[in-house]
Structures are given as structure tokens and as C-alpha cells.
Amino acid sequence: MPPHGDPLVRHRMSLPPEPGTVRRRTIWRRVWGLCAALLGVMMLLLGAAGLAIVPSLIEDEKAFATATSCTTLSTSHHDCLRSFDATVTRTVIKEENKSSEYTLHLNGPTQVPRSIDMGASEPLLKRLHPGDNVTVTLWRDYATEVRQGKVSQETADTPKGEPVFVCALALAVICGGAYSLYTGGTALARARRHAVRELPATLVTRGKEAAGAALCALPALVVGDFTSVPVMLVVWLALLPLVRWILKRQQQRSTGRHARSPLHTV
């Protein structure tokens with residue numbers, strides 16, 4: 001086998017692909033480019049829908065924080081805290097490293113859900129046994145608290161934290177959708193060119209940027225849990241330049257000080 005330094009080998013390696021190969025590659029680029037673009041549009045719409053419902057979730061969270069027990073004078077029975085008696089049928093407590101489950105199964109009026117995610121085993125769930133009577137507090141469609149005697153436990157089924165979680169998830173989905181649309185659009189617009197020259201390095205760089213931006217939603221989510229959605233958005237936006245700076249530094253280290261960064265390659 002001749003070495004790669006052989007002029008004949010270098011000439012063969014520099015030859016363009018056969019017309020049939022280019023045609024197949026072009027068709028394939030257009031097919032997956034269209035699929036990627038459509039997926040990107042769907043993800044962007046889903047992310048936008050998630051952001052659109054965040055204001056209503058914030059209002060729900062505020063309404064729940066000020067809710068009081070239902071009385072005959074309550075202006076809105078839907079927005080007050082209602083209590084129903086129920087009977088425990090079984091409890092599920094699974095504490096594992098990767099996943100945990102704390103579920104309370106009940107039998108009671110139609111308003112009471114058949115199962116409730118309690119979020120933890122303390123202080124009440126671990127004390128309950130089949131046949132025990134409990135009181136379930138409902139707010140709208142949420143089962144927010146379970147009580148037995150003087151011991152009560154707030155469940156995981158509350159509006160608390162929903163706006164921040166949905167916002168963080170929507171931001172991550174939007175990042176993925178933007179990259180998918182960019183990749184698909186690039187493949188469609190330059191399908192034949194890329195069939196000959198292969199895909200540009202910028203797709204890898206943009207993918208890292210999109211992944212980094214999506215991961216930034218995690219620290220923003222943590223901050224949002226202690227503050228609010230607007231503060232969370234500010235933190236997320238502030239982290240985006242940091243992601244780009246880190247990627248540039250990595251590229252400079254891998255290609256050398258005088259190499260051209262793929263961030264600017266077309």
C-alpha cells in the first residue's frame with residue numbers, strides 16, 4: 001500500500017466524489033435536513049408555548065400562597081382550601097440512588113386522587129398503613145397536603161416551583177429547537193455543496209453552544225427556586241456569553257494561537 005505522501009495517492013484523495021455518490025449524498029442531506037428543520041420548528045413552538053403559560057403559572061403560585069380554608073363566606077370555592085376524608089390503601093417508599101418514589105394510595109370521594117406523590121417519607125408517609133384514615137387538602141386540582149391527627153405533610157402536588165421549572169424546561173427545548181432548525185436549514189440550503197465537501201465544522205461548534213445554553217438553564221433554575229422567574233431569566237442570559245467564551249478558549253487551545261476558530265467559519 002503506497003504511503004499517503006505518494007503524489008498519486010494525494011491526487012486520488014483530492015478528487016471529487018462520483019456524480020452518483022454526490023446525488024445520493026445530496027438527497028440524503030435534504031431528507032435529514034428537512035426532518036431536522038421540522039423537528040426544530042416543533043421544538044421552538046413547544047418551547048414558546050411553555051414560556052407563554054409561565055405568567056399564568058406565576059398567578060397560580062401567588063393564588064395558592066394566599067389561599068385560605070373554605071367557608072360559607074368564601075368568594076370562590078374553587079380557590080379556597082377544601083378538606084376531604086380518605087382511607088389509605090397502600091404506601092410506596094422507594095429510596096434509591098438514581099430514583100426515589102414516595103406515593104400514597106387512597107380510597108375516598110371522587111374529588112380525592114387515587115394516588116398522591118408525597119415527595120418524601122417524612123414526616124407522615126412512613127407512619128401510614130393500609131386502613132388508616134387521613135384528611136386530604138385540595139386546592140383546585142392539586143392535592144396539596146395530607147394530615148393525620150396533628151401530623152401533616154405537604155405533598156409534591158402543589159403549584160410551588162412550577163413557573164420556574166416550566167421556564168427552565170422551555171429554555172432548554174428552545175435551545176435544542178434553534179440548533180435543530182439551524183442544522184436542518186443549513187443542510188437544505190447547501191445540500192449539494194455539503195455532499196461534495198462534507199458538513200462544515202460550524203455545526204459541531206453551534207451544537208456545543210446550544211448544549212451549553214441548555215445546560216445553563218440548570219443553574220438558572222436553582223437561582224429561580226430561591227428568587228423568581230425574571231431573576232432566573234437574567235441569570236440564564238448572563239451565562240450565555242460565558243458559554244461562548246469557554247468554547248472559544250477550548251478552540252484556541254486545540255488549534256493553536258494562530259488558527260482560525262470554527263466559530264467564524266462559514
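Okay, quick definition before anything else: when I say contact, or that one residue touches another, I mean heavy atoms within 4.5 Å. What you have in front of you is a predicted model, where local features need pLDDT of at least 70, side-chain atom pairs count only at pLDDT 80 or more, and totals for chains, interfaces and linings use all residues. Residues are numbered from 1 along each chain as its sequence is written, and side-chain values use heavy atoms, with hydrogens and water left out.

So, the overall picture. We have seven helices and six strands in the chain. Helices here are DSSP runs of H or I with at least four residues, strands are runs of E with at least two, and both are numbered from the N terminus. Going along the sequence, the pattern reads α-α-β-β-β-β-β-β-α-α-α-α-α.

Of the 266 residues in the chain, 33% are buried. Buried means under 20% relative accessible area, exposed means over 50%, and partly exposed is in between, with a 1.4 Å probe and protein chains only. The accessible surface of the chain is about 16500 Å², and 61% of that belongs to carbon and sulfur atoms. Those areas come from the Shrake-Rupley method with a 1.4 Å probe; for residues, only the protein chains shown count as cover. As for contacts with a separation of 6 or more, 61% of them are between residues 24 or more positions apart.

Let me start with alanine 168, in helix α3, residues 162-189. Which residues does alanine 168 touch, leaving out those up to four places away in sequence? They are Ala217, Leu221 and Met232. Alanine 168 counts as buried, at 7% relative accessibility. Its C-alpha is 9.6 Å from that of leucine 215, and the two are 47 residues apart in sequence.

Leucine 215 takes us to the next helix pair. Two packed helices are described by the angle between their axes and the distance between the axes. For α5 (residues 202-215) and α6 (residues 217-226), the axes come within 4 Å and cross at roughly 15 degrees. The axes are lines fitted to C-alpha atoms, for helices over the stretch in contact, and the angles run from 0 to 180 degrees between N-to-C directions. That makes α5 and α6 roughly parallel to each other. On the cut-offs, under 35 degrees is roughly parallel, over 145 roughly antiparallel, 65 to 115 roughly perpendicular, and the rest oblique.

Who meets whom there? On the α5 side we have Ala213, Ala214 and Leu215, and on the α6 side Ala217, Leu218 and Pro219. By class, that contact has six nonpolar residues, no polar ones and no charged ones. Nonpolar covers Ala, Val, Leu, Ile, Met, Phe, Trp, Tyr, Cys and Pro; charged covers Asp, Glu, Lys and Arg; the others, Gly among them, are polar.

On to the cysteines. How many disulfides does a search of the whole structure find? One, and it joins cysteine 70 to cysteine 80, S to S 1.7 Å. For a disulfide, the cut-off is a pair of cysteine sulfur atoms within 2.5 Å. The link of cysteine 70 and cysteine 80 is right-handed, with 90 degrees about the S-S bond. Both cysteines lie in the loop between α2 (19-65) and β1 (82-95), so the pair ties together parts that are 10 residues apart in sequence. Cysteine 70 is partly exposed at 24% relative accessibility, whereas cysteine 80 is buried at 4%.

Why isn't cysteine 175 bonded to cysteine 216? The closest cysteine sulfur to that of cysteine 175 is in cysteine 216, but at 8.1 Å the two are too far apart for a bond. Cysteine 175 is buried, with a relative accessible area of 8%, and cysteine 167 is buried too, at 1%.

Now the strands. Threonine 89 sits in strand β1 and is partly exposed at 40% relative accessibility. Beyond residues up to four places away in sequence, threonine 89 touches His105, Leu106, Asn107 and Pro130. Aspartate 117 is in strand β3, residues 115-117, and is partly exposed at 43%. With the same sequence neighbours left out, aspartate 117 touches Tyr102, Thr155, Ala156 and Asp157. The C-alpha atoms of aspartate 117 and threonine 155 are separated by 6.3 Å, with their positions 38 residues apart along the chain.

Last, some backbone geometry. Most residues other than glycine have a negative phi, and most peptide bonds are trans. Arginine 140, in the loop between β4 and β5 (142-148), has a positive phi of about 55 degrees. Glutamate 122 and proline 123 are joined by a cis peptide bond, with omega about -5 degrees, and proline 123 is in the loop between β3 and β4 (133-139).
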